[in-house]
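Thanks for sharing this one with me. Below are my notes as numbered points, to read alongside the model.

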Amino acid sequence: MVKWKPTCKASAINFDPMIKNCLSFLLFIAPVVGFSQDWELKKHENGIKVYTRPHPTSGFDSFKSVMTLNVPASSMVHFLQHIDEHPNAFPDTKELTILERPNDSTQIQYSVTGAPWPVSDRYGVFKLVFTTDRKTGVVTSIGIPVKGYVKDNDDMVRITDSDSKWIITPLGESKCQLEYIVSANPGGAIPEWLANSAAVDVPYETFINIRKELHK
């Protein structure tokens, strides 16, 4: 991977929006592998906790965000299964489309996330599968990048390496806990230090947006 380094402090500041744009694509992708290292709490504000830990191979930090919502678990599940109706929940999303819904628990998503020059936009196609634990009522959404469905676009970078998971835990009839875990390699020429500096702000802002969308 090509390493880019800023030549002065001003460069690092100017690229701050790029950090968020390049990572926001992670909010459409999905199964998380096990890690031996514990999560480290990096932010706890507005009822949202964000943790990070180093990925064992990619060099990009993984993150986990957690919050409690005053909505039934079924409402959160419906939100995720119809995520194309809520593109504003995810920062810098240019396009979000459900290409197929083979059944009630499976969908094929296509997403494009914008990034400012000189970083290329990211796009990907992902298969998401929802499962429910009949004893606990916990709903898990796991997914993987898939090939095909759309033509390769040389003007963007296609995401092919990602692991993530949504977990919705019921906390009574009108409350639930939402957890989101992401471990991914955005590909292309994004320096690791730059991407990792946004591993806290991106999931935090996304959870703020999701809460707003749910309470409209």
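**Notes on the model**

1. The chain has an accessible surface of about 10,800 Å², and carbon and sulfur atoms account for 48% of that. Areas were computed by the Shrake-Rupley method with a 1.4 Å probe; for residues, only the protein chains shown count as cover.

2. Before going further, please keep in mind that this is a predicted model, in which local features need pLDDT of at least 70 and side-chain atom pairs count only at pLDDT 80 or more, while totals for chains, interfaces and linings use all residues. Residues are numbered from 1 along each chain as its sequence is written, and side-chain values use heavy atoms, with hydrogens and water left out.

3. Of the 216 residues in the chain, 50% are buried. Here buried means under 20% relative accessible area, exposed means over 50%, and partly exposed lies in between (1.4 Å probe, protein chains only). The fold is built from 5 helices and 10 strands, taken as DSSP runs numbered from the N terminus (helices: H or I, at least four residues; strands: E, at least two).

4. Strand β3 (residues 61–69) is a good place to start looking: 7 of its 9 residues are buried. Its antiparallel pairing with strand β2 (residues 48–54) runs over 7 bridges, where pairing requires at least two DSSP bridges between the strands. One bridge to find on screen joins R53 to S62 in β3.

5. How far apart are the end C-alpha atoms of helix α5 (residues 201–214)? They are 20 Å apart, which agrees with the 20 Å expected for 14 residues at 1.5 Å a residue; the expected span is 1.5 Å times one less than the number of residues. Buried residues in α5 include Y204, F207, I208 and L214.

6. K43 deserves a look for its two contacts with α5 residues. It forms a salt bridge with D201, with the closest N and O atoms 3.9 Å apart; the criterion is a side-chain nitrogen of Lys or Arg within 4 Å of a carboxyl oxygen of Asp or Glu. Because D201 is in helix α5 and K43 in strand β1 (residues 40–45), this pair ties together parts 158 residues apart in sequence. K43 is buried at 18% relative accessible area, whereas D201 is partly exposed at 28%.

7. The charged end of K43 also sits over the ring of Y204, 4.0 Å from its centre. This label needs NZ of Lys or CZ of Arg within 6 Å of the ring centre and within 35 degrees of the ring normal. K64 does likewise over the ring of Y51, at 4.9 Å from the centre.

8. The structure holds 4 salt bridges. Among them is D84 with R101, at 3.5 Å from N to O; D84 is in the loop between α3 (73–81) and β4 (93–103) and R101 in strand β4, so parts 17 residues apart in sequence are tied together. Another joins R158 and D152 at 3.4 Å, with R158 buried at 16% and D152 exposed at 63%.

9. There are 2 aromatic pairs, counted when ring centres of Phe, Tyr or Trp (its six-membered ring) lie within 6.5 Å, with planes under 30 degrees apart called stacked, over 60 edge-to-face and the rest tilted. W166 and Y180 form a tilted pair, because their centres are 3.7 Å apart and their planes at 40°. W166 is buried at 3%, and Y180 is buried at 0%.
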